[in-house]
Structure formats: structure tokens, C-alpha cells
Amino acid sequence: MSAPWLVTLGGAALRFHQLAREPFWFDEAYTALSVQLPVRGILERLRGEGNAPLYYLLMHAWSAVFGDGVYAFRLVSALLGTLTIPLLYWIGVRMFSRRAALIAAILAAVAPLHIHYSQEARMYPLVPPFALMALYALDRLLIVPAAWAVVGFAVAVLGGLYTQYYFLFFLPLAAAVLWAPQRRRSLVFTAGALLLVGLGFAPWIPSFIDQASNSSPDWIGGFWRTRSLAIAVPWSLQSLGPGALYPGWATFKFMSSSSTGALSLMFAALVIGGAVVQLVKSSPSGRRQGLHPWLMGAAPPGLLPQDPTDDKSGIEPRKGRHSRAGGEAPGEFGDSCEGSPQEDRQSLTQRTTSLALTLGAVLVPLCLACVVSLMRHPVYVVARYDLIAWGAYCLLSGAVLARFKPPVMLAAVALWLGVAGVTLWPYLTTERPKRNYADMGDRIAQALVQRARPGESVVFTAATRTMTQYYLRADPQRFRLASYPLGTDAHLGWIDDRIQNSPQLAAEAAQRFAAWLVDSGDPPVVIWIVAPRSRGTAPLLAELQRRGYVEDGKRSLGALLLCLRRT
């Protein structure tokens, strides 16, 4: 069996490892509940939030055939995550070399963040394949513009936009056609591709505008309220690598540490710095004058990428079946220089274009998202939305490391593997710890079924309703369900965290909710409060006690469930 397939099998083993061990958490349960609606209901629900429709429609069709269980839902993510590895290798061979592609595939196979999202029933594993396909199609539009590249780019970008709106930050990369060798032809073909993208996305634009203007809680703004956006891009480069000090939504599986994050940042500096050095050396002025003397003198021997014009560098092209312009294939270490000087210069230009484009695919979406977050409103989500750059980052790493001398290349790959091993160790050897109420829906549902009687009222606080309702789906009418504060029932995925930070708002919300629930024609005899100790819930408990409800200690369950009985 060839090395790429062995790498893919290893990546599959990591992504399928105890796939259904943990119950659905908040976002996964929301997805599972949403896709049970008819197609029109799904589209209407999405108008009130911020997600694109493709993944929901895909899972709607999938669940109709394979069911709505935890394993069935996560299976899609695991398959997508696994198939991304050979796709990355295939594109790497065509844009750079087999060695670069194999290195990229090895790094991708053990990348902790990608493994994390390959085990989550959400849309994120769809993002890297679309981003890689869009990058490759754009690379072809720049180098050998053809009709298939127009269609490929349009399909990949449309797939990305209908999966995650961050693909809007990928589109400015198309401006690279201004520097294409066949500029006029590339401009025409790329303009045609962008026109197809616009026409394909036009039907969803009204929904997109509605989503942009809705009043959903600003959890992203709350996340950055105590942090500086200046750290966003470096933090993403850590998270896309072999280890990081992950944000809360990515910490529960892995070893999250500032030490592994520092090593990941060192690796990113090596890769991005190596790419810049290679681009400078490949430029006409760089080939005439060489690198700046201070850069050459500061770098240890063997650290700088090998000279692409050196016949002994092992990166010259050879004839082969994976043809680029002029019938040439991406070279490998050990290939001999068989082409004419004109062909060699043409191949060098093509490789330089591919390298610059891949570097742009890493940095442009991240930097644009950061700029928008600084100038208008925070939209940057580290270790989640930045997955749009993950495939390009692995590909860039492979392309750059393949041009280092073998000792440096092997040391860099070993660094990635070692840090990834440390990061993945808890995931491979221990039970995953519970994060918070947001992934305890199975326990809450089981406790309610055992302790609560049919028809009794259940009040959800914090992030508890979505995943609990998923585990109660076999008998959805068993209890009278309500969400605190009022209004969050309208969207099961919303959490109104304002009551956690403002005592006055919490008191007003508690009065309104208690009046709605109790001061009606049929006040409940028993009220179950889910997660009664969550922040902002104390005023509600005080209001209910004032209306004559007292705790039933025999039926309560600690911090998970509080049973209140009307006296």
C-alpha cells in the first residue's frame, strides 16, 4: 500500500476513534433538531440566525436515510474529514510535488483541530475541502486558464458560501489574476467564474441580509470584549497547527497549553518565513541579486529553502503525467533537470505563483476577517471559522518544508508530530471531561424522565434546552417546556447572556417570566428548573419563591435539577 493511503488510514483511525463516545452538545443538538423540519421550515429557521443552508439540507437528506442518532450524524463529519486528506495530497501533487503533498498529508492527518471538527456534527468539516478546491481552481486560472477551472472555482466557492460565509473573505484572493502570466485570458476566465458565483448566490442574498440584521445575541463580541483582536491571527496560526492554548469550545478533548501554542507559533514562523524567502529568491531581482546579506548571514546553514534555480536542489521539473502548462509536472527531490532553460524558467514561475497563492489563501481570509472585526463588528472566531485557512496552511507547510534540506525538513515534521501527539494524548487515552451544561443533555433528559411526571413544567436556563430536547425527542409532548428568559423559545440556539451581566435586566426578566408562567389561569403545581445555579437564575428563583413555590428536596438533583412545588 502506498504512503498516501497509509497516511489516510491513519487519519481515518484518529477521526473515527470513539466517534459517539460523548453525547451531543449544544450546537450539535440544535443541528439535529433543525434538520428534522421540512426543507421550507429549515430555510425559514435559518433566516433567524447566522448559518448558511447547505449543511442543514445535506443532513436533512442524510437523516432521512440513516436516522438522527449521534453516530449517524457524526459519521458525515468523520468521512468528510478523512476524505480531505487524499484531496489535499492530490492537489499538493499538482501544485507542487509529491514530496510536498505527502508532507502536507502527514501534517493534516494528525492536526488536532481538524480531528476535533471531524467528530462534530456541524458544517465545519465541509469548509476545508471547498477551500482547497477553490484554491486549486484559482491556481489553474492564473497559470493555465481553462473552462473547467472556471466551473470548478464557481462550484467550490458557491459550495463554500452556502456552507460558511467566511468564504467572502476568500474572494479577494482572485485579484491575483492581475499578476498572471496570461493576464488578459486569466482576467476574462476569472471574471466569468465570479459572475457564476454571483448568479449562484443571488437566490440566498435576501436571507443573508435578514441574517445580517437579526438580533441574535452577540456571543462573538462578548468573547472579544476582554481580549485584543491583535492576537487573533497569531492565535489562529497556533490553532491550525499541532497544538495551542485553545478557546473554550475546543479545549475539552485535547491538551490545551501555552507551551504547545508557542511551539506551533514557531512552526508557523518557519513556514511563513520560508515561503517569503522562497518568493524573494524566485523573483527576478532576487535571482539577480540574491537575498539580502543580513538574512543570509542570520540563518543557520541549511535553514533557508534551497535555491529553486540550482540544478542540485532537487525541485526541478520532470516530464510526467500530472502535467502543468507546457506538459511539465511538478518535480520532486531527486528529479533531474531535463527541460530546456526556457521551460525551467516557466516552471519556476508557475511554482512561485502557486506558492504565493497558497500563502495568500492562509493569510488573506484571516487578515480580512480581523480587519472587519476591528472596523465594524467582531466576526472572528479562533479555532472554528478560521478552518477556511487550514487546508492551505497544511499545503503551504508541505511546499515549504519540501524545499528545505532533509535534516531541517525532518526536524520540522517531527516537531509537528511530537506537539500533535502531546495535544492528542488525553483524547486518545482518557474519557473526555464534561465541559458544562451544554453537553449534559443526555443526563438531564434521563433525570427528568426518572423524576418528573408527565405534564409538569420544565424551565431551561443557560445553554441547556437544545441538547435536552434532542434527548427527549422520543416523547416531545411529555413535559411543558419553556426557556428563561422569555423570547429565547423563538430560537433554540440562542442564549441571552445579558441577564448574566446585568442584575437589573435579570430582575426584570425574572418578573416577566414568573408572571407569564404563574400568574395565568392554570399555574403549574410543580416547576423543574434546569441548571438552577447558572448565572442570572437567582432572581427567577426569588420570584418563584415569592409566589409560593418551595424546593422539593427529595426530587431535586443537586446543581442539575431543582424541583419547586407550589404550597
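A salt bridge is counted here when a side-chain nitrogen of Lys or Arg lies within 4 Å of a carboxyl oxygen of Asp or Glu. The structure is a predicted model, and by this rule the count comes to 13 salt bridges.

**Exercise 1. Describe the chain as a whole: how many helices and strands does the chain have, and what share of its residues counts as buried?**

Solution. Begin with the secondary structure, where the chain shows 24 helices and 7 strands. Next take burial: of the 567 residues of the chain, 55% count as buried. Then turn to the surface, which amounts to about 23,500 Å², with carbon and sulfur atoms supplying 63% of it. Finally, look at the contacts between residues at least 6 apart in sequence, of which 75% join residues at least 24 apart.

**Exercise 2. Work out in which order the strands of the open sheet stand, and which strands form its edges.**

Solution. The open sheet is formed by 5 strands, and reading across it gives the order β4-β3-β5-β7-β6, with mixed pairing. The edge strands are β4 (480-483) and β6 (549-551), since each of them pairs on one side only. From one strand to the next, the twist averages 30°.

The pairings can now be taken one at a time. Strands β3 and β4 run parallel and are joined by 4 bridges, and in this pairing S457 stands opposite R480 of β4. Strand β5 (residues 526-530) and strand β7 (residues 561-566) run antiparallel, with 5 bridges between them; here I527 stands opposite L564 in β7, while V530 has L561 in β7 as its bridge partner. Strands β6 and β7 also run antiparallel, joined by 3 bridges, and Y549 stands opposite R566 in β7.

**Exercise 3. Determine which residues of β3 point one way and which the other way, and find which helix lies across the strands.**

Solution. The general rule comes before the particular case: in a regular strand, side chains alternate between the two faces of the sheet. In β3, S457 and V459 point one way, whereas V458 and F460 point the other way, and all of them are buried. The helix to find is α23 (residues 503-518), which lies across β3 (457-460), β4, β5, β6 and β7 and runs at about 165° to β4.

**Exercise 4. Compare the salt bridges of E28 and R473: which residues are their partners, and are the residues involved buried or partly exposed?**

Solution. Start with E28, whose side chain meets that of R74 in a salt bridge of 2.9 Å, N to O. This pair links distant parts of the chain, with E28 in helix α2 (residues 26-34) and R74 in helix α5 (residues 70-95), 46 residues apart. Both E28 and R74 are buried.

Continue with R473, which forms a salt bridge with D68, the closest N and O atoms being 3.0 Å apart. This pair too links distant parts of the chain: R473 is in the loop between α21 (465-471) and β4, and D68 is in the loop between α4 (54-66) and α5, 405 residues apart. With a relative accessible area of 35%, R473 is partly exposed, and D68 is partly exposed as well, with 22%.

Two further cases complete the step. R140 forms a salt bridge with D139, the closest N and O atoms being 2.7 Å apart, and R140 and D139 are both buried. Elsewhere, D519, E543, R546 and R547 are linked in a network of salt bridges.

**Exercise 5. Explain why K253 counts as buried and why L187 counts as partly exposed.**

Solution. The cut-offs are needed first: buried means under 20% relative accessible area and exposed means over 50%, with partly exposed in between. K253 has 3% relative accessibility and therefore counts as buried. K253 is placed in the loop between α13 (232-240) and α14 (258-282), and its C-alpha atom is separated by 9.2 Å from that of T430, although the two residues are 177 residues apart along the chain.

L187 has 34% relative accessibility, so L187 counts as partly exposed. The place of L187 is in helix α10 (residues 183-201), and together with L178 and W179 it makes a nonpolar surface patch of about 350 Å².

How values were computed. Residues numbered from 1 in each chain as written. Predicted model: local features only at pLDDT ≥ 70, side-chain atom pairs only at ≥ 80, totals over all residues. Heavy atoms only, no water. Helix = DSSP H or I, 4+ residues; strand = E, 2+ residues; numbered from the N terminus. Buried < 20%, exposed > 50% of the residue type's maximum accessible area, 1.4 Å probe, protein only. Contact = heavy atoms within 4.5 Å. Areas by Shrake-Rupley, 256 points an atom, 1.4 Å probe, with all protein chains shown as cover. Pairing = 2+ DSSP bridges. Axes fitted to C-alpha atoms, helices over the stretch in contact; angles between N-to-C directions. Patch = residues over 30% accessible without salt bridge, like charges linked within 9 Å, V, L, I, M, F, W, Y side chains within 5 Å.
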